[in-house]
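Trainee: Please give me a close look at a single helix. Start with the terms, then show me what lies around it.

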Amino acid sequence: MMFWRSVVGKLWFTILLLVAFVLSILTVLLLEFFENYNIDQARQDLTYTAEKISLNLAQHGGEELDIGLEITWGLLDEVTNAAVIKNEDTYFYSPGSDESVRVPISYFIEDEEFQSVFDEGNSIDKIITYSTGDLNETQFLIIGVPLREFEGEDGAVFVYQSLEVMEETMQQTTQIVLISAGVGLILTTIFAFFLSSRINAPLRKMREAAFEVARGKFDTKVPILTNDEIGELATAFNQMGRQLKFNMNALSQEKEQLSSILSSMADGVITLNRDGTILITNPPAEQFLRYWYYEQGATENTDAVPSKVMELFQLAVNTVNEQVGEITLQGRSFVIIISPLFNKKTIRGAVAVVRDMTEERKLDKLRDDFIANVSHELRTPISMLQGYSEAIVDGIAETNEEKQEMAQIIYDESLRMGRLVNELLDLARIQAGHIQLEVDKVELKPFINRVIRKFQTLAKEKSLELHTNIEIDEQEFYFDPDRIEQVLTNLLDNAIRHIQESASITVTVKSIGRELLFEVSDEGPGIPEEDLPFLFERFYKGDKSRTRGRSGTGLGLAIAKNIIDAHKGNISVRSKLGQGTTFSFFIPRNTDSF
């Protein structure tokens with residue numbers, strides 16, 4: 001079955017069928033031709049023989065009749081018979097004529113067509129069917145010519161021959177033609193199979209090469225064996241393979257470039273097809289989807305699309321316009337921009353760009369809070385300065401003690417304003433990169449003890465316990481002692497101001513690898529989780545009451561973060577409500593980092 005489906009089988013069968021059809025038609029035509037030719041040739045030979053006999057007998061009549069008949073019978077071959085008829089009483093049959101193939105004289109005389117030979121002197125040829133004695137019907141070709149002045153009367157010469165002789169000749173001819181056709185068909189089969197195999201051999205090689213190319217082996221080449229159309233096809237195939245390899249390499253490079261671009265983008269990119277199924281995502285987009293899956297309680301293996309994204313996608317597809325929306329997940333703000341993708345004139349999908357706007361929203365909030373906080377921080381001392389100054393000017397304070405008290409308040413508020421302005425200036429210089437670290441070799445234990453002693457008085461007033469835990473092998477380290485002392489002072493001051501009485505504060509110093517770790521832990525009320533991301537921002541205060549007794553300027557932690565950043569370090573906070581707070585910062589021990 002596979003052979004008939006192959007090119008060899010189809011080509012071989014086509015050539016064989018075509019040649020067989022041509023040979024069949026040719027055989028039929030040849031047989032018809034030979035049959036007609038044999039009959040015509042026999043007719044001509046018999047007519048010639050009959051005329052010779054008639055002429056011979058006309059010349060040898062009378063006493064020479066025997067000689068004439070002997071010459072006449074010599075003109076006949078073994079399959080030809082003759083009858084010389086003068087009348088129904090006088091006639092002569094050719095000697096050797098078999099009774100089974102001898103036509104009686106009465107048949108010639110009684111037949112009307114043959115009678116015209118006697119009466120009118122016409123020549124005639126006729127094929128008759130005559131039943132011989134054994135009841136077999138035999139066909140004869142009879143040629144009749146007139147015989148003039150034969151023994152004083154006109155007679156006729158009839159030469160006839162059985163068609164069975166011609167049929168035997170035709171059978172031999174047919175056998176020869178059929179054998180020739182059979183030999184031609186066999187030779188055609190061999191030639192067609194050889195030709196189709198020769199044609200199919202390079203095609204098989206091209207098929208094998210095509211499978212190799214389909215498996216990714218674009219260097220596969222087809223050998224060029226001929227200069228005909230098949231050779232040109234092999235050349236074109238090799239050129240196609242080279243061009244396909246070039247295009248695949250170009251596509252691969254473009255794909256890698258696109259993948260690198262998508263991976264390095266800060267914005268998330270999600271490509272959707274026409275029915276809203278996700279096709280391509282980059283890492284920021286995957287992070288966005290993880291946030292949504294977490295909020296929905298779904299696994300990350302699902303193909304679900306956030307409802308907001310799907311809503312914008314449907315609007316973009318229906319309106320054929322870009323759509324913009326915003327969604328909040330896990331406390332982060334994302335802006336989604338969806339644009340439709342076109343395939344010529346039809347929409348084949350959309351691309352969604354997801355931008356994390358949390359920092360921008362935070363900066364906007366911090367900018368607004370900065371203005372509000374600065375206004376708030378300055379308004380209170382200015383109002384107090386203005387009020388107590390008016391009281392002194394208007395003479396409301398009558399005694400020296402009252403005047404002294406009001407003057408002290410004015411002095412304290414002016415110091416507070418000066419401290420606020422100085423911290424703002426320090427923070428501005430640090431953020432502008434104008435801070436200059438004075439790195440020096442510091443003995444760590446005396447340094448920590450000096451900082452702790454500064455807060456012993458405040459700790460005793462609130463019945464607090466200050467502890468140190470120094471776990472280091474070396475004694476000396478390199479950093480800016482004044483700036484690190486400023487950081488520790490700020491952290492200890494915040495801890496003392498925000499914890500209850502009879503609690504404890506622990507300062508821990510550890511050497512971890514190439515970094516030095518400082519921790520300030522307290523047993524205070526803790527910090528709410530929603531406030532933790534904003535603690536190191538300017539003017540941010542977890543205590544919303546803003547009471548002057550407990551609230552600072554809100555700049556201390558921002559300054560501390562910038563000092564640690566200048567040391568190439570990192571500061572962080574851990575806290576839970578009711579379990580205290582721990583501020584930690586690392587600074588590298590390598591002085592080349594500063």
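Mentor: Start with accessibility. Buried means under 20% relative accessible area, exposed means over 50%, and partly exposed lies in between, using a 1.4 Å probe and protein chains only. Elements come next. Helices (H or I, at least four residues) and strands (E, at least two) are DSSP runs, numbered from the N terminus. This is a predicted model, where local features need pLDDT of at least 70 and side-chain atom pairs count only at pLDDT 80 or more, while totals for chains, interfaces and linings use all residues. Residues are numbered from 1 along each chain as its sequence is written, and side-chain values use heavy atoms, with hydrogens and water left out.

Now take helix 9. It covers residues 307–319, 13 residues in all. From its first C-alpha to its last, helix 9 reaches 18 Å. That is close to the 18 Å expected at 1.5 Å a residue. The expected span is 1.5 Å times one less than the number of residues.

Which residues of helix 9 are buried? They are V309, L312, F313, A316 and V317. Seen down the axis of helix 9, these buried residues fall within an arc of 135°, so they line one face. The arc is that of the directions from the helix axis to the C-beta atoms. Now turn to the face away from the buried side. It carries the exposed residues S307 and N318. Just past the end of helix 9 comes V320, with a positive phi near 55°. Most residues other than glycine have a negative phi.

What do the buried residues of helix 9 pack against? Their partners are helix 8 (283–296) and four strands: strand 6 (268–273), strand 8 (323–329), strand 9 (332–343) and strand 10 (346–356). Contact here means heavy atoms within 4.5 Å.

Strands 6, 8, 9 and 10 belong to an open sheet of 5 strands, in the order 7-6-10-9-8, with antiparallel pairing. Two strands pair if DSSP finds at least two bridges between them. Strand 7 (278–281) and strand 8 are the edges, each pairing on one side only. From one strand to the next, the twist averages 25°. Angles run from 0 to 180 degrees between N-to-C directions, with axes as lines fitted to C-alpha atoms, for helices over the stretch in contact. Inside the sheet, strand 9 and strand 10 pair over 10 bridges in the antiparallel sense. One bridge links V335 to R355 in strand 10.

Next, the nonpolar cores. A nonpolar core is a set of buried Ala, Val, Leu, Ile, Met, Phe, Trp, Tyr and Cys residues joined through side-chain atoms within 4.5 Å. The largest core has 43 residues, and L444 and F585 touch the most other members. Several elements give two or more residues to this core, among them helix 12 (444–454), strand 14 (504–512), strand 15 (515–522) and strand 17 (581–588). Helix 14 gives the most, with 7 residues. A second, separate core of 22 residues includes L312, F313, A316 and A350. L312, F313 and A316 are among the buried residues of helix 9.

Compare another helix. In helix 3 (residues 65–74), the buried residues are L65, G68, L69, T72 and W73. Down the axis of helix 3 they fall within an arc of 130°, so they too line one face. On the face of helix 3 turned away from them sit the exposed residues D66, E70 and G74.

Then look at the strands of the largest core. Strand 14 and strand 15 are joined by 8 bridges and run antiparallel. They form a hairpin with 2 residues between them, and G513 in the turn has a positive phi of about 60°. V507 has V520 in strand 15 as its bridge partner. Strand 15 also pairs with strand 17 over 8 bridges, in the antiparallel sense. There, L516 has I587 in strand 17 as its bridge partner. Strand 15 is mostly covered, with 6 of its 8 residues buried.

Finally, return to phi. S463 is not a glycine, yet its phi is positive, about 55°. S463 is in the loop between helix 13 (456–461) and strand 12 (465–471). It is partly exposed, at 40% relative accessible area. K568, also not a glycine, has a phi near 60°. It sits in the loop between helix 15 and strand 16. K568 counts as exposed, at 56% relative accessibility.
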